[in-house]
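Let's take a walk through this structure together, starting from a single side chain and working outwards. Have the 3D view ready to turn as we go.

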Amino acid sequence: MDTTLRPTTTGSALGTVRSKGATALVPARAPDAAAGAAESTAAASSAKPAALRRSSARIDSGLQDGVARAQQALDYLERVASQLENLKGELTAKLAGSRNGGAVKNRPQLDTHVRQLARTLAARKSEGGGGIDGDLQFTAQPSTQRFRIRALDIDTLQQNAPQTIAFSIGGAGGPQLSATVTGEQTNEQLARAIDRAMAPLGVRAGLDGDGFVFSTAESNWPAVKDSIAVSGIGRVAAEEVQPSLAPQQWNTGAGSDALRQSLREVVQALERVHRSQSAASSALSSANVEVTQAQTPPPEVDLAAEDFSAAAASTDYESLLALSSALVGVSRERVLALLGLR
């Protein structure tokens with residue numbers, strides 16, 4: 001509980017009033033008819049520091065996580081973009097040489113760049129800040145892992161309708177949630193029914209060109225991939241959807257067709273990286289605006305400084321005792337950190 005030091009006489013002595021507000025040293029005033037109004041003002045102002053502390057706590061948690069995620073993503077994406085540009089130049093030069101000379105000339109540096117990019121992509125989960133998925137797309141939320149459950153085939157489910165299928169994650173005894181297959185649902189309706197059933201388990205369901213596709217937070221993927229069970233089927237295998245960019249599978253020593261395909265993949269990846277860089281920059285800018293808006297309002301800071309200065313001008317023993325008690329544990333570094341919020 002903080003201490004508010006308030007004068008009780010017209011002299012320099014300071015009285016003590018305890019409240020939940022921040023420490024404030026108020027210059028001497030005579031106890032007159034305005035005292036009640038002054039106490040009401042002090043009580044009203046004491047609510048503000050509590051609100052500011054809540055704002056600060058918010059900055060220290062989710063907002064700071066978002067800022068860190070965006071900053072790490074930008075650093076990582078910059079490296080990926082640079083390596084993709086190098087690969088684009090090497091592939092273009094090799095294709096140009098094949099057109100001019102009639103044969104694809106060997107460029108050892110191309111293989112070096114391919115291996116470098118493959119290592120960088122493999123380190124995405126540890127170095128990308130947790131906001132970049134396997135396709136190099138940035139989101140403000142933690143990245144997700146997409147996967148398939150081969151046992152869940154749309155045609156098979158529809159043919160065996162009507163039926164109810166239940167899902168669980170975490171082995172026997174875990175929560176089971178069910179979805180009803182009526183046989184009259186469209187593929188989209190069936191996917192939504194399964195999505196509603198699996199959402200409380202931290203798994204979402206959708207559709208793509210190959211059927212059902214599921215997703216979960218990458219941090220949750222190790223716990224999910226080996227523990228999904230479906231009623232009537234038992235434990236099912238969850239297979240990762242491989243990222244679209246896989247340089248380790250390229251054959252850069254092959255003919256022109258393979259090189260052109262690799263070049264197309266590099267160009268498409270560069271476009272995704274540039275979009276992700278814009279998204280991460282926007283997220284970082286928004287976070288900076290939110291931090292600025294959440295800072296301590298200048299009027300309250302100025303008032304506290306004036307009160308402290310007025311009290312510090314007094315040289316009697318009680319004032320000096322109150323000042324020294326209030327300043328215990330206040331280091332130079334803490335003062336500089338607080339001034340940095342201005």
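A good place to begin is arginine 148, a buried residue with a relative accessible area of 8%. Please keep in mind throughout that the model is predicted. The side chain of arginine 148 meets that of aspartate 208 in a salt bridge, with 2.6 Å from N to O. Aspartate 208 belongs to strand S7 (residues 204-208) and arginine 148 to strand S4, so this pair ties together parts that lie 60 residues apart in sequence. Aspartate 208, at 28% relative accessibility, counts as partly exposed. The pair also has company: Arg146, Arg148, Asp208 and Asp210 are linked in a network of salt bridges.

How many salt bridges does the model hold by this rule? The count comes to eight, and two others deserve a look. One joins the side chains of glutamate 127 and arginine 79, at 2.9 Å from N to O. Here glutamate 127 sits in helix H3 and arginine 79 in helix H1 (residues 35-101), so the contact ties together parts 48 residues apart in sequence. Glutamate 127 is partly exposed, with a relative accessible area of 35%, and arginine 79 is partly exposed as well, at 36%. The other is formed by the side chains of aspartate 195 and arginine 204, with 2.7 Å from N to O. In that pair, aspartate 195 counts as buried because its relative accessibility of 13% is under the 20% cut-off, whereas arginine 204 is partly exposed at 44%.

Staying with helix H1, move along to alanine 73, which is placed in that helix. Buried or exposed? Alanine 73 counts as buried, at 0% relative accessibility. Its C-alpha lies 9.7 Å from that of threonine 139, although the two residues are 66 apart in sequence.

Next come two features of the backbone. Most residues other than glycine have a negative phi, and most peptide bonds are trans. Leucine 136, found in the loop between H3 and S4, has a positive phi, near 65°. This leucine 136 is also buried, with a relative accessible area of 1%. For the peptide bond, turn to alanine 161 and proline 162: the bond from the one to the other is cis, with omega near -5°. Proline 162 is found in the loop between helix H4 (154-159) and strand S5 (163-169).

Now for the empty space. Rolling a probe the size of a water molecule over the atoms shows where such space is left. The second largest pocket has a volume of about 450 Å³. Its lining consists of 22 residues, and those nearest the centre are Arg124, Gly134, Val241, Gln242 and Pro243. Helix H2 (108-122), helix H3 (124-127) and strand S4 (144-149) are the elements that each give two or more residues to this lining. By character, the lining residues of the second largest pocket divide into nine nonpolar, six polar and seven charged.

Let's finish on the surface. Which residues form a nonpolar patch there? They are Leu327, Val330 and Val335, which together have about 220 Å² of accessible area. Leucine 327 is placed in the loop between helix H9 (317-326) and helix H10 (332-339), and leucine 327 is partly exposed, with a relative accessible area of 42%.

Definitions and conventions:
Residues numbered from 1 in each chain as written. Predicted model: local features only at pLDDT ≥ 70, side-chain atom pairs only at ≥ 80, totals over all residues. Heavy atoms only, no water. 1 Å grid on protein atoms, 1.4 Å probe; cavity = no way out; pocket = protein on both sides within 12 Å on 5 of 7 lines; lining within 4 Å. Points joined across faces, edges and corners; volume = space filled by probe spheres on them. Helix = DSSP H or I, 4+ residues; strand = E, 2+ residues; numbered from the N terminus. Nonpolar A, V, L, I, M, F, W, Y, C, P; charged D, E, K, R; others polar. Patch = residues over 30% accessible without salt bridge, like charges linked within 9 Å, V, L, I, M, F, W, Y side chains within 5 Å. Areas by Shrake-Rupley, 256 points an atom, 1.4 Å probe, with all protein chains shown as cover. Salt bridge = Lys/Arg side-chain N within 4 Å of Asp/Glu carboxyl O. Buried < 20%, exposed > 50% of the residue type's maximum accessible area, 1.4 Å probe, protein only.
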